[in-house]
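Visitor: I'd like to talk through some aromatic rings and a charged residue. Can you show me the model?

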Amino acid sequence: MGVKGEETRARLIAGTRELIEAQGYFGTGLNRIVAATGAPRGSLYFHFPGGKDQLVAAALTQAGQEVEALLTALAGEGADTATLSERLIEAFAERLEHSDYTSGCPIATVALEVAGTNETLRTVCAELYAGWQRVLADRLESEGFSPAQAEAAAGQALALLEGAVLLASVRRSREPLDHARHAVRHLLGVR
């Protein structure tokens, strides 16, 4: 695939990311993606022969891997788990505020919509969340938590964060994220 093909593929993924996060899986049709990206319809099927699900999976994967890369980089710099969680909360808070509370977690909107109806996308979302949780759990183990304690605490921190993103979206306020920040610190034993 040439440069132009890669640019078209990247444009399709970027446009899909933006649309599904703000409008959800069901609110984002292929016609809307084509219109938003300016990509020819034929290019969509050339790059994503599996159609909408393959394109959405690529968009979710790219977004989720960016979050995991951020967490991994921070952990590599020596940030403790409380700091990792706080940075993730702040990143999602900034995304919410910047988008007028339509875009927070790049995975959550689709995850909530498809968890019971689309096994392919549910699996993609589950794997992405598992990657984030793994980074947090690994960091907790390096801080002295047992593997079981680390896994449980990482899952609890992630659940607090995702719930706070949802509440912040519907309340149109970052306050739930600020509460989650304090709750995660308490959960991890940081005062």
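Guide: Here come a few questions about rings, burial and charge. This is a predicted model, where local features need pLDDT of at least 70, side-chain atom pairs count only at pLDDT 80 or more, and totals for chains, interfaces and linings use all residues. Residues are numbered from 1 along each chain as its sequence is written, and side-chain values use heavy atoms, with hydrogens and water left out.

Visitor: How are the rings of Tyr25 and Phe26 arranged?

Guide: Rings of Phe, Tyr and Trp (its six-membered ring) pair if their centres lie within 6.5 Å; planes under 30 degrees apart are stacked, over 60 edge-to-face, and the rest tilted. By this rule there are three aromatic pairs. For Tyr25 and Phe26 the centres are 5.0 Å apart and the planes sit at 85°, so the pair is edge-to-face.

Visitor: Is Tyr25 buried or exposed?

Guide: Buried means under 20% relative accessible area, exposed over 50%, partly exposed in between (1.4 Å probe, protein chains only). Tyr25 has 10% relative accessibility, so Tyr25 counts as buried.

Visitor: Which residues form one aromatic cluster with Phe92?

Guide: Two rings pair edge-to-face at 5.2 Å centre to centre, with 90° between the planes: Tyr129 and Trp132. Both of these residues are buried. Phe92 forms one aromatic cluster with Tyr129 and Trp132.

Visitor: Which residues is Glu162 in contact with, leaving aside neighbours within four places in sequence?

Guide: Contact means heavy atoms within 4.5 Å. With those neighbours left aside, Glu162 touches Phe92, Cys105, Ala108, Tyr129 and Trp132.
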